[in-house]
Amino acid sequence: YYDQLPAKVEDAFSEFYRLTGRTYDMISTYRMEDADYAIISLGTFSATAISVVDIARKRLGVKVGVVNITCYRPFPAERVVEAIKNCKAVSVLERCDIPTMVDNPLTTDIQAALAKAVMGIEGFPKVDSIPYVLSGAAGLGSRDITPGHMIAIAKNMAAAVAGERAARPEDGAE
């Protein structure tokens, strides 16, 4: 049964497109073709991230892209790995904070998918190394996530890879 779920979801997306003209997929990406960094999230976080990607690329010189997880279950692990396999770092944003877990749920799923790719599990793209994975909880208590937050995330990924301290609000992050 579970092995049939991805195809069933894809069929549902196709039917939705036929009925409405709107396209959905398990994941959607923006500017990931040459991205060194990725912001990975679900829903409106992705829309906010997409709104600043071109600015971050132009003004900061940080080649960042966005991966929007449209369908969380069944988790599109192989597709996510394919999208981020060439990144130096990724930041995973979630609307939850579970301090008793190793990381929050989406971050944990992405790390597991990357580990399976490195192990050479069938169906996963071949990767020799995995990007640095940062995890963030945001939007809790109905707080807004702004374009400035996304710029700070891009700066933080670049700083993490360079071994520098993270960007702070006093650095103009907000």
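In the predicted model, Lys 116 is placed in helix α4. With a relative accessibility of 39%, Lys 116 is classed as partly exposed, because the value falls between the limits of 20% for buried and 50% for exposed residues. Beyond residues up to four places away in sequence, Lys 116 is in contact with Ile 121 and Phe 124. Gly 141 follows at a separation of 25 residues along the chain, and the C-alpha atoms of Lys 116 and Gly 141 are 34 Å apart.

Helix α4, which spans residues 105–119, also contributes at least two residues to the largest nonpolar core. This core comprises 23 residues, and the most contacts inside it are made by Ile 40, Val 67, Ile 84 and Ile 110. At least two core residues each are likewise supplied by β2 (37–41), β3 (64–69), α3 (77–84) and β4 (89–94). The surroundings of Ile 40 illustrate the packing: with residues up to four places away in sequence excluded, Ile 40 touches Val 67, Ile 69, Ile 84 and Ile 110, together with Val 90, Ser 91, Val 92 and Leu 93. Another core, of 19 residues, lies apart from the largest one and includes Tyr 37, Leu 93, Ile 153 and Met 157. In soluble globular proteins, nonpolar side chains tend to be buried together.

Aromatic side chains were examined next. The model contains 4 aromatic pairs, where pairing requires ring centres within 6.5 Å. Phe 13, Phe 16 and Tyr 24 are joined in one aromatic cluster. Elsewhere, the face of Tyr 72 is covered by Arg 73, at 4.2 Å from the ring centre. This arrangement counts as a charge over a ring because the cut-off for the distance between CZ of Arg and the ring centre is 6 Å, with a further limit of 35 degrees from the ring normal.

Arg 73 also takes part in a cis peptide bond, which joins it to Pro 74 with omega at about 0°. Pro 74 is situated in the loop between β3 and α3 and belongs to the lining of the second largest pocket. The volume of this pocket is about 210 Å³. Its lining further includes Phe 75, Pro 76, Ala 77, Glu 78 and Arg 79, as well as Asp 3, Pro 6, Glu 10 and Met 26. Both α1 (5–20) and α3 provide at least two lining residues, and the greatest contribution comes from α3, with 3 residues.

Positive phi values occur at two residues that are not glycine, Arg 31 and Ser 142. Arg 31, with phi of about 55°, is located in the loop between β1 (27–30) and β2. Its relative accessibility of 29% places Arg 31 in the partly exposed class. For Ser 142, phi is about 65°, and the residue lies in the loop between β5 (132–137) and α5 (147–162). Ser 142 counts as exposed, since its relative accessibility is 70%.

The loop between β4 and α4 contains Pro 99. Pro 99 is exposed, its relative accessible area being 71%. Pro 99 and Ala 113 are separated by 14 residues in sequence, and the distance between their C-alpha atoms is 21 Å.

Technical notes: Residues numbered from 1 in each chain as written. Predicted model: local features only at pLDDT ≥ 70, side-chain atom pairs only at ≥ 80, totals over all residues. Heavy atoms only, no water. Phe/Tyr/Trp six-rings, centres within 6.5 Å; stacked < 30°, edge-to-face > 60°. Core = buried A, V, L, I, M, F, W, Y, C linked by side-chain atoms within 4.5 Å. Buried < 20%, exposed > 50% of the residue type's maximum accessible area, 1.4 Å probe, protein only. Helix = DSSP H or I, 4+ residues; strand = E, 2+ residues; numbered from the N terminus. Contact = heavy atoms within 4.5 Å. 1 Å grid on protein atoms, 1.4 Å probe; cavity = no way out; pocket = protein on both sides within 12 Å on 5 of 7 lines; lining within 4 Å. Points joined across faces, edges and corners; volume = space filled by probe spheres on them.
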